[in-house]
Amino acid sequence: MSNLKIYNTLARDKQTFVPIEAGKVRMYVCGMTIYDYCHIGHARMMMAFDVMYRWLLATGYEVTYARNITDIDDKIIRRAVENGETISQLTTRFTQYMDEDTGALGILPPTLVPRATEYVPHMLALIETLEQKDLAYQGTDGDVNYAVRNFPNYGRLSGKSLDDLRAGERVDVNTGKRDPLDFVLWKASKESEPEEVKWDSKWGKGRPGWHIECSAMCSALLGEHFDIHGGGADLQFPHHENEIAQSEGAFGRTMVNYWVHNGFVRVDNEKMSKSLGNFFTIRDVLKKFDAEVIRFFIMRAHYRSPLNYSDAHLDDARVALTRLYTALDGVDGDGADLDWTEAHAVRFAQAMDDDFNTPVAIAVLFDLASEINKSKSPALVRQLKGLADVIGLLGRSAQQFLQAAVGETDTTGDAAIAAQIALRAAAKKARNFAESDQIRADLLSAGIILEDKPDGTTNWRRA
């Protein structure tokens, strides 16, 4: 169906994608633990798999895409107790905020959005199966743990051997485990915990561990063996390693064909995270930058590469996106479908088939924009808009974007000045000289002097 190659973390190589069932893809991505606003690191993860989802759909696959919500967790319980509200009140509110933020960024809703609390019976059944296979046991403290040493090849996803893990282990404070490497499947309830996080089980009242949640949800929705499992690089170990141990231990078969992990967002060479306190929420960034600019900024880096966050990089993204929109302005490209045999479309598809290489795909969009600036070809405008739409870009008119770019920030910032110059150029091209003159006058009143050059470009300087 396509020439798609995907980097498989398990194989440590790019592999040709062959679906289990012809024409269909089943994909599971570990989603948010819902107790606070999503930050740009979360946006990067959801954007990475949104692009994959879009490309799989564009190439003709029928895709079942599940991205879960973790709505039971130590941090969730702690936050709800601090707030004096129920777990469900907290998680319902922040799920709504997440949906608003992802919607603003053009991230498509997944096919399925399972919540962990809806699948506790599946988790209990899975734990019981593991117990029957001597892969789970109840510790002296009441917790049910996974017996890591009883599962062959533990560590193959992350490349960690049991000896490596043993050498790096710390003194385990949980004396209920037989081995410090074992991890919890079912947590025995504590007196201090709210009643709504206590479920009945054969091992007594308790709640699920984090790792078992995803094994239960993905097997219930996508089957014991499915195509793609994804998430952030930080989930490779221990979360995804433990999912493999649980699912393959229980079902006795390969769990996933392609394991896919996106890179971190970095700030001052450190991973962006809530624990480090160096995170920027999507909401806060949206107050300063247009949502499409943020989307474009994230996609300019390959999903597996580190993404360096700064206002300067977002300003640069805004200027670059303005160039694409300016090429569209004043040229009618409506009325025909995308031509996948056209040279730019062929190059775009080759880039996307090469492990979803959005930086190269975006470079193709800029090549198209350059040709449009010379030829004013409606056919090329159709191609530019059609290809950009595949990855969720250029969905507005040029005027809508340029007006938004002017209004979203301080009008004397370099990126905003560039946006206003682009808007003035578009007005001149449309022979709207009154608007062109007004923009020049507004800039002059702000201390910005424009100099029009014979080649049609415009330089500026501060008075």
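A disulfide is a pair of cysteine sulfur atoms within 2.5 Å. This is a predicted model, in which local features need pLDDT of at least 70, side-chain atom pairs count only at pLDDT 80 or more, and totals for chains, interfaces and linings use all residues. Residues are numbered from 1 along each chain as its sequence is written, and side-chain values use heavy atoms, with hydrogens and water left out.

**Exercise 1.** Find how many disulfides the whole structure holds.

*Solution.*
- Search the whole structure: the count is zero.
- Check C214: its nearest cysteine sulfur belongs to C30, 3.7 Å away, and C214 is in no disulfide.
- Check C218: the nearest cysteine sulfur is that of C214, at 6.9 Å, and C218 is in no disulfide.

**Exercise 2.** Decide whether C214 is buried or exposed.

*Solution.*
- Take the cut-offs: buried means under 20% relative accessible area, exposed over 50%, partly exposed in between (1.4 Å probe, protein chains only).
- C214 has 1% relative accessibility, so C214 counts as buried.
- C218 also has 1%, so C218 is buried.

**Exercise 3.** Compare the span of helix α10 with the expected one.

*Solution.*
- Helices (H or I, at least four residues) are DSSP runs, numbered from the N terminus.
- The expected span is 1.5 Å times one less than the number of residues.
- Helix α10 covers residues 311–328, 18 residues, so 26 Å is expected.
- Its end C-alpha atoms are 26 Å apart, which agrees.
- Just after α10, G330 has a positive phi of about 85 degrees.

**Exercise 4.** Do the same for helix α1 (residues 40–58).

*Solution.*
- α1 has 19 residues, and 27 Å is expected.
- From first C-alpha to last, α1 reaches 26 Å, close to that value.
- Of its 19 residues, 17 are buried.
- G60 follows α1, with a positive phi near 100 degrees.

Technical notes: Helix = DSSP H or I, 4+ residues; strand = E, 2+ residues; numbered from the N terminus.
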